[in-house]
Amino acid sequence: PDEFSSDEEIASYLLAMFAVSDSGAAFSLPPEVAQNVQRLIRHQNSDGGWEWYWSNRYDAVSDTRLTAHVLLALNEARLHNALPPVSGSGDWNFVFDNARALLQKEILARQPVEQMRSAEMDELSFLFYADLSTLPAELEGGWALPYLLALSGRSELLSPASQAMNYLSLLKLGSEQAGLLGSLEQSAQRSATGAFWQADRRFASLPATPAYQTAVALMALAEHAPLSPLMQDALRFLVFSRAPQGGWSSGMESAWALRALAAMLRASGDLASNYSFGATLNGSPLVSGQGQTPQKILSALDGLYLRSPNELLIQRGEGAGQLFYRADLSVLRPAQDAPTLNAGIAVSRDYLNCSDGNCQPVSAWQLSDLPGRVTVRVTLTLPSAMYYVNVEDYAPAGAEIANPALKTSQQGEISLETEFFTPENPFERGWGWWSFNTPQIYDDHLRWSAAYLEAGTYVLTYTLVPALAGEFQVPPARAWQSFFPEVQGSSAGNLFSILPQP
């Protein structure tokens with residue numbers, strides 16, 4: 001929560017927390033939930049919506065897809081009595097009314113469903129799902145029924161997630177289309193890891209990853225077709241799709257995955273598990289436990305054989321419930337040995353000495369009585385237009401990232417105008433920087449984000465202030481698409497030296 005850089009991340013966090021709370025597991029909402037609900041309410045724009053990255057502009061233009069996502073999170077907060085108190089007899093209905101008015105305005109401005117591309121229909125299904133999910137009564141959404149029926153008539157062009165949302169929206173209006181669930185089940189695919197759904201990668205701003213598509217489909221099935229033979233296989237695929245750190249590839253994907261898992265827990269009764277379990281690695285005990293107690297075990301590499309097969313033995317006793325497990329191997333390597341990666345985005349990083357106006361590459365810097373300044377240039381090249389791109393870079397441990405908004409250290413000598421914009425040289429920050437939001441600066445790294453980028457090359461620059469002598473490993477700079485994490489790239493790692501004063 002301390003490093004949220006967008007309202008999408010806040011909304012995803014809230015949806016995840018409320019999903020876990022609804023699962024029936026012993027879980028208390030942390031205090032950060034209330035704080036972030038208030039943050040979302042404060043960030044609502046004058047047009048009723050939210051923008052993907054905070055610009056603090058009075059005339060900011062909202063993103064309708066993000067507004068739908070935030071509306072879902074705030075509605076969950078309302079259902080869980082997690083909205084902040086309002087003085088007097090007022091309430092927060094105006095927040096919802098203004099957001100829904102924006103969504104409905106966007107929907108009515110679109111062309112007829114019969115003329116839409118698949119990606120546009122996916123977005124429309126998502127907007128309707130969010131809008132109708134917040135309705136206090138069924139009849140208020142009757143205006144949406146013709147649109148939803150038109151979408152159902154072209155369901156073969158919808159992604160699996162959109163088919164599931166369309167079904168749930170029609171159900172909300174009392175017009176259940178049972179055939180939609182049947183079509184959804186028939187479109188499932190199978191692999192060694194279970195059953196899953198996937199969508200073609202579309203030129204759109206909603207996730208098309210198999211984990212997201214499977215999560216939305218599984219939630220609909222768990223709530224309205226709990227006896228479907230696909231349930232257990234889809235659950236196994238979703239659990240298997242987690243990253244080693246425990247979540248999924250984006251905030252929205254993680255939120256929907258947890259909503260699906262919570263729906264499965266309510267439908268399956270797995271919270272009443274009463275079996276015993278254990279695990280050994282190469283004959284040495286790793287863990288043992290009972291029932292639904294989750295366990296996370298870390299084992300050092302010296303417990304593995306380097307030249308012989310390794311044996312991980314999982315044991316399960318009798319009793320009700322399902323046992324899930326996964327094993328990950330993480331190996332650290334020196335940062336300077338990390339090669340470049342180009343999986344759809346090319347990224348490079350250069351350290352420059354621009355003190356005399358003629359920038360020269362450097363791999364070391366000598367401390368002096370005056371605060372030195374190292375210019376860092378991160379260049380990324382996109383072969384095609386992309387939505388929601390993030391760029392992140394880490395600083396050497398012996399240097400500070402200059403933050404011109406702070407005036408409490410020697411960084412304060414760098415003015416906002418000099419460092420980030422000079423009328424005589426508007427491209428000093430690099431080329432294409434105006435397409436990105438103001439970078440979020442943390443203690444050891446910074447992140448830029450852009451809601452949309454055309455194909456081309458972009459150059460981002462920032463300033464380091466060396467402070468501590470030493471030889472420091474620097475992880476690669478990286479860039480990725482929020483909802484298509486397989487589209488990514490990273491620079492090579494570096495070894496950067498800061499030499500003591502002579």
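Which residue in β4 is the bridge partner of T280? The partner is P285. This is a predicted model, in which local features need pLDDT of at least 70, side-chain atom pairs count only at pLDDT 80 or more, and totals for chains, interfaces and linings use all residues. Residues are numbered from 1 along each chain as its sequence is written, and side-chain values use heavy atoms, with hydrogens and water left out.

**Sheet**

Helices (H or I, at least four residues) and strands (E, at least two) are DSSP runs, numbered from the N terminus. Two strands count as paired if DSSP finds at least two bridges between them. Strand β3 (residues 276-281) pairs with β4 in the antiparallel sense over 6 bridges. These strands belong to an open sheet of 3 strands, in the order β4-β3-β5, with antiparallel pairing. β4 (284-290) and β5 stand at the edges with a single partner strand each, so one side of each has no neighbour in the sheet. From one strand to the next, the twist averages 10°; axes are lines fitted to C-alpha atoms, and angles run from 0 to 180 degrees between N-to-C directions.

**Helix α7**

Helix α7 (residues 160-172) has 13 residues and reaches 19 Å from its first C-alpha to its last, close to the expected 18 Å. The expected span is 1.5 Å times one less than the number of residues. Because 11 of its 13 residues are buried, α7 is largely enclosed by the rest of the structure. Buried means under 20% relative accessible area, exposed over 50%, and partly exposed in between (1.4 Å probe, protein chains only). Among the buried residues of α7 are P160, M165, Y167 and L170. Just after α7, G174 takes a positive phi of about 75°.

**Salt bridges**

The structure holds 15 salt bridges, each defined as a side-chain nitrogen of Lys or Arg within 4 Å of a carboxyl oxygen of Asp or Glu. Three of them are listed here.

| Pair | Closest N to O distance |
|---|---|
| R100 and D131 | 2.8 Å |
| E123 and R110 | 3.3 Å |
| R349 and D393 | 2.6 Å |

R100 forms its salt bridge with D131. R100 lies in helix α4 (residues 93-108) and D131 in helix α5 (residues 118-133), so the pair ties together parts that are 31 residues apart in sequence. Both R100 and D131 are buried.

E123 forms a salt bridge with R110. E123 lies in helix α5, while R110 lies in the loop between α4 and α5, so this pair ties together parts that are 13 residues apart in sequence. Both residues are buried: E123 has a relative accessible area of 9%, and R110 has one of 18%.

The side chains of R349 and D393 also meet in a salt bridge. R349 is in strand β7 (residues 346-353) and D393 in strand β11 (residues 386-394), so the pair ties together parts that are 44 residues apart in sequence. R349 is buried at a relative accessible area of 8%, and D393 is buried at 0%. Elsewhere, D63, R65, E106, R110 and E123 are joined into one network by salt bridges that share partners.

**Surface patch**

L301, L329 and V331 form a nonpolar patch on the surface, with about 310 Å² of accessible area together. Patches are made of residues with over 30% relative accessible area and no salt bridge; like charges are joined within 9 Å, and nonpolar side chains (Val, Leu, Ile, Met, Phe, Trp, Tyr) within 5 Å. Accessible areas come from the Shrake-Rupley method with a 1.4 Å probe, and for residues only the protein chains shown count as cover. V331 is found in the loop between β5 (312-316) and β6 (341-343). V331 counts as exposed because its relative accessibility is 55%.
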